Amino acid sequence: MSAYIIETIQRGILETLEMTFCASLLAYIFGLPIGVALYATAKGRLLENRLVQLVLGTLVNICRSLPFLILLVLLIPFTRLVTGSSIGTVASIVPLTVGAIPIVARMVESSLCEVQPGIIEAASAMGASPIYIILHFILPEATPSLLLGAAINIATVLGYSAMAGVIGGGGLGAIALQYGYYRYQKDVLWTTVAILVIMVMLIQEIGGLIAKKVRK
């Protein structure tokens, strides 16, 4: 590979990391409260509310059911409104965030459901309010599971970021498409694939190690 291609791949790695971690952070800012609400308003939970559970659950399920490539296209007008453009690294963060929010919400809900009911009953017996129980008992108890879920979600967003290259997004996905597919440079294609696989493995391994440390 030429020096130009190597430099392009290096830039693509940085762009991929930027898209992945910015989108993951924004997805958790919005998805974590939704996941907590889905958990807390379910039947038999602290803030049981069938209407809220139905509305939130339906919206999350609809968003999760949309293939990400279709979501990319549907969100082009919204992305252009938010960022002023529908192509590039910054623009790709918008659909990546929207696509990750329902995944984060369901992952958070699943993690909170793993908390032992006895902890909640003990906190309630002490006179703690539902919000206090969620913030000071349930979330801390579910932290290891939440961290494992975060690693999985970040890896998922990383995979989504590669697809963003189809509509002009930056990163390794765009490089694989432009050079590996359109220009038949197979060495570039396989190099970008290998880098993406390594990045996913590293994210999951680091997430697992952090979760184990927190659990101890």
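Which element gives the largest share of the lining of the largest pocket? That would be α10, with six residues. Keep in mind that this is a predicted model. Below is a quick tour of the pocket, the one cavity that makes the count, a helix pair and a buried serine.

**The largest pocket**

- The largest pocket holds about 210 Å³ of space.
- Three elements give two or more residues each to its lining: α1 (3-40), α8 and α10 (186-215).
- If you want to find the pocket on screen, pick out L17, F21, L147, A150, A151 and I154, which are among the lining residues.
- Then add M199, L202, I203, I206, G207 and I210, which also line the pocket.
- By class, the lining comes out as eleven nonpolar residues and one polar residue, with no charged ones.

**The cavity**

- Just one cavity of 30 Å³ or more turns up by the rule used here.
- About 40 Å³ of space lies inside the largest cavity.
- Its lining is made up of L72, I76, T79, S86, A91, S92, P95 and I167.
- Two elements, α4 (76-83) and α5, supply two or more lining residues each.
- α5 has the largest share here, with three residues.
- Sort the cavity lining by class and you get five nonpolar and three polar residues, and no charged ones.

**How α7 meets α8**

- Helix α7 covers residues 130-141 and helix α8 covers residues 143-163; they pack with their axes 5 Å apart, at an angle of about 60 degrees.
- That angle makes α7 oblique to α8, since the roughly perpendicular class runs from 65 to 115 degrees and the roughly parallel one takes angles under 35.
- On the α7 side, the contact involves L139, P140 and E141.
- On the α8 side, T143, P144 and L146 are the residues they meet.
- The residues of this contact split into four nonpolar, one polar and one charged.

**S111, a buried serine**

- S111 sits in helix α5, which runs over residues 89-113.
- Is S111 buried or exposed? S111 is buried, because its relative accessible area is 3% and the cut-off for buried is under 20%.
- Leaving out residues up to four places away in sequence, S111 touches A142, S145 and L146.
- L146 shows up twice in this tour: L146 touches S111, and L146 is also one of the α8 residues in the contact with α7.
- Helix α5 comes up again too, as the home of S111 and as a contributor to the cavity lining.

Terms used:
Residues numbered from 1 in each chain as written. Predicted model: local features only at pLDDT ≥ 70, side-chain atom pairs only at ≥ 80, totals over all residues. Heavy atoms only, no water. Axes fitted to C-alpha atoms, helices over the stretch in contact; angles between N-to-C directions. Helix = DSSP H or I, 4+ residues; strand = E, 2+ residues; numbered from the N terminus. Parallel < 35°, antiparallel > 145°, perpendicular 65-115°, else oblique. Contact = heavy atoms within 4.5 Å. Nonpolar A, V, L, I, M, F, W, Y, C, P; charged D, E, K, R; others polar. 1 Å grid on protein atoms, 1.4 Å probe; cavity = no way out; pocket = protein on both sides within 12 Å on 5 of 7 lines; lining within 4 Å. Points joined across faces, edges and corners; volume = space filled by probe spheres on them. Buried < 20%, exposed > 50% of the residue type's maximum accessible area, 1.4 Å probe, protein only.
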